[in-house]
Amino acid sequence: MSKLVKLVVAVAFTAVTSMAVAQQVLDRVAVIVNEGVVLESEVQQLLREVKNNAANRDAQLPEDSVLRVQATDRLVMQQLQLQMASRMGITISDTQLQQTIQNIARDEGMSVDEMRGRITASGTPWDDYRESVRKEIITGEVQRAAVQRRVYISPQEISGLVNLLTEASEEEVEYRLGHILVGIRDGANADEVQETRDRAEQLLKLLNDGADFAQAAITSSSGSRALEGGDLGWMNINAMPTLFAEVVRGKKKGELVGPLRSGVGFHILKVTDVRGIESVEIEEVKVRHILVQPSIILSERRTEEMLAEFREQILAGEAEFADLAREHSADPGSAANGGELDWSEPSIYAEEFAYRARTLPVGELSAPFKTQFGWHIMEVVDRRVQDATKRSQENRAYQLLFSRKYQEELENWQQEIRDQAYIEVVDQEG
């Protein structure tokens with residue numbers, strides 16, 4: 001090696017060594033956290049991000065000393081949770097990370113490349129941003145694993161909140177009412193009152209049997225809106241007569257109410273429409289199936305052929321579906337019941353099974369198809385539409401209660417792990 005080359009190498013090595021020392025000084029330990037550390041560069045990076053975000057929002061920030069304490073506290077808590085994640089074996093793959101970043105970009109209305117350009121333009125290296133997202137995902141997993149089991153919500157709490165939410169929303173609910181009044185003359189005696197009641201009850205029976213309400217109002221009502229088919233228009237509970245409000249509250253479209261006695265006669269009401277109230281309907285299916293699982297001695301092809309033979313036997317009337325299910329189905333939950341499953345939403349099933357449950361006509365026997373559980377043939381026994389409003393309200397109440405309690409327990413848990421940790425802030429002058 002020539003002297004010139006040796007000199008260049010020596011100078012380069014000295015420069016690199018000097019840069020490394022400078023980097024070490026810049027990247028010194030800011031806080032010791034159990035067996036880990038928070039670096040000064042991490043504190044400075046977070047401070048830059050907070051200041052950039054505040055500038056974008058035109059928000060005022062406290063002085064740097066206060067901001068540094070907040071940033072350091074956050075990084076200490078992150079380090080504690082990352083240490084816990086390591087003990088729990090929680091990791092996030094590059095594929096999971098990339099999917100999360102794509103979701104973030106989509107939510108922001110931009111491509112990943114566009115988001116990358118914006119982040120790097122703000123002074124944050126892209127690799128640093130990726131790792132910060134990875135850490136956020138990991139700490140989120142740790143929090144859920146540790147905190148969810150601390151949250152308990154009783155059925156009484158759910159019921160109480162559902163009632164409160166229902167009462168609060170009733171102010172916005174409006175009913176469109178049809179009205180028939182079977183009137184009583186002034187001074188009517190008891191027999192006349194009873195006769196009028198009988199006529200009202202007979203009319204209600206006809207309406208329940210399908211008679212047209214508007215036509216009945218025009219021909220039989222003594223009310224002021226008789227010629228309009230008894231239509232009283234839209235009203236909320238507070239705007240309608242107290243007698244009506246007490247019985248209409250909570251009624252559904254199409255329901256009949258009455259006869260209701262007042263000083264002028266007997267009233268029959270029909271809820272012709274409702275608006276402003278949450279109504280959720282779901283379709284449920286009842287299916288039966290035969291499941292056969294491939295094995296060492298039963299190949300995939302032979303399994304499919306076996307189910308095709310079962311199907312032909314059923315269609316030809318040579319065998320009963322239920323008998324074949326009891327004898328051959330590998331689904332222990334339904335085999336003893338002739339292959340029949342309980343009423344369910346199709347979405348609870350495996351994807352291919354759910355697709356067949358949603359699309360197969362009632363009474364039609366499917367061709368053999370495969371899921372991760374094995375090979376099936378299926379028949380949709382029946383379908384029904386269920387009112388899931390109450391279930392939806394209970395789910396909403398649960399989510400509201402869970403969100404509140406989760407945040408409370410998260411703060412308690414974070415304080416606990418901080419109190420149990422060894423934390424030492426390194427002297428900045430050191």
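**Exercise 1. Arg176 and its partner**

Task: In this predicted model, classify Arg176 as buried, partly exposed or exposed, then find which residue its side chain meets in a salt bridge.

Solution:
- Step 1. The relative accessibility of Arg176 is 30%. Partly exposed runs between the 20% and 50% cut-offs. Arg176 therefore counts as partly exposed.
- Step 2. The side chain of Arg176 meets that of Asp231 in a salt bridge, at 2.6 Å from N to O.
- Step 3. Place the two ends. Arg176 is in strand 3 (residues 174–183), and Asp231 is in strand 4 (residues 231–236). The pair links distant parts of the chain, 55 residues apart.

**Exercise 2. Two salt bridges of helix 14**

Task: Which residues form salt bridges with Arg418 and with Glu416? State where each partner lies.

Solution:
- Step 1. The structure holds 30 salt bridges. One of them joins Asp73 and Arg418, with the closest N and O atoms 3.2 Å apart.
- Step 2. Asp73 is in helix 3 and Arg418 in helix 14 (residues 389–419). They link distant parts of the chain, 345 residues apart.
- Step 3. Check exposure. Asp73 is partly exposed at 30% relative accessibility. Arg418 is partly exposed too, with a relative accessible area of 25%.
- Step 4. Turn to Glu416. Its salt bridge is with Arg150, and the closest N and O atoms are 3.1 Å apart.
- Step 5. Glu416 lies in helix 14, while Arg150 lies in the loop between helix 6 (126–147) and helix 7 (155–170), so the pair ties together parts that are 266 residues apart in sequence.
- Step 6. Glu416 has a relative accessible area of 35% and is partly exposed. Arg150, at 27%, is partly exposed as well.

**Exercise 3. A salt-bridge network**

Task: Which residues are linked with Glu284 in a network of salt bridges?

Solution:
- Step 1. Take the acidic members: Glu284 and Glu345.
- Step 2. Add the basic members: Arg384 and Arg391. These residues are linked in a network of salt bridges.

**Exercise 4. A charged patch**

Task: Which residues gather with Asp191 in a surface patch, and what is the sign of its charge?

Solution:
- Step 1. Asp191 is found in helix 8 (residues 190–208).
- Step 2. Asp191 has a relative accessible area of 63%. Exposed means over 50%, so Asp191 is exposed.
- Step 3. Asp191 gathers with Glu195, Asp198 and Glu201 in a patch on the surface. The charge of the patch is negative.

**Exercise 5. Backbone exceptions**

Task: Where does Asn34 lie, where does Asp58 lie, and what phi does each have? Then find which residues are joined by a cis peptide bond.

Solution:
- Step 1. Recall the background. Most residues other than glycine have a negative phi, and most peptide bonds are trans.
- Step 2. Asn34 is not a glycine, yet its phi is positive, at about 50 degrees. Asn34 sits in the loop between strand 1 (29–33) and strand 2 (36–39). Its relative accessible area of 28% makes Asn34 partly exposed.
- Step 3. Asp58 has a positive phi of about 55 degrees, again without being a glycine. Asp58 lies in the loop between helix 2 (40–57) and helix 3 (64–88). Asp58 is exposed, at 67% relative accessible area.
- Step 4. The cis peptide bond joins Gly258 and Pro259, with omega about -10 degrees. Pro259 is found in strand 5 (residues 256–262).

**Exercise 6. Sequence against space**

Task: How many residues and how many Å separate Gln399 from Ile158, and Glu141 from Ser122?

Solution:
- Step 1. Gln399 lies in helix 14. Gln399 is partly exposed, with a relative accessible area of 49%.
- Step 2. Gln399 and Ile158 are 241 residues apart in sequence. In space they are 9.5 Å apart, C-alpha to C-alpha.
- Step 3. Glu141 is found in helix 6. Glu141 is partly exposed at 34%.
- Step 4. Glu141 and Ser122 are 19 residues apart along the chain, and their C-alpha atoms are separated by 28 Å.

**Exercise 7. The whole chain**

Task: Why is the protein chain described as more spread out than a compact globule?

Solution:
- Step 1. Count the elements: the protein chain has 14 helices and 10 strands.
- Step 2. The radius of gyration is 36 Å, and the globule rule gives 22 Å for 430 residues. The value is well over the rule, so the chain is more spread out than a compact globule.
- Step 3. Add the dimensions. The C-alpha trace spans about 125 × 70 × 40 Å along its principal axes.
- Step 4. Add burial. Buried residues make up 36% of the 430 residues.

Terms used
Residues numbered from 1 in each chain as written. Predicted model: local features only at pLDDT ≥ 70, side-chain atom pairs only at ≥ 80, totals over all residues. Heavy atoms only, no water. Patch = residues over 30% accessible without salt bridge, like charges linked within 9 Å, V, L, I, M, F, W, Y side chains within 5 Å. Areas by Shrake-Rupley, 256 points an atom, 1.4 Å probe, with all protein chains shown as cover. Salt bridge = Lys/Arg side-chain N within 4 Å of Asp/Glu carboxyl O. Lys, Arg positive; Asp, Glu negative; His and termini not counted. Charge placed at Lys NZ, Arg CZ, Asp CG, Glu CD. Helix = DSSP H or I, 4+ residues; strand = E, 2+ residues; numbered from the N terminus. Buried < 20%, exposed > 50% of the residue type's maximum accessible area, 1.4 Å probe, protein only. Rg over C-alpha atoms; globule rule 2.2 N^0.38 Å.
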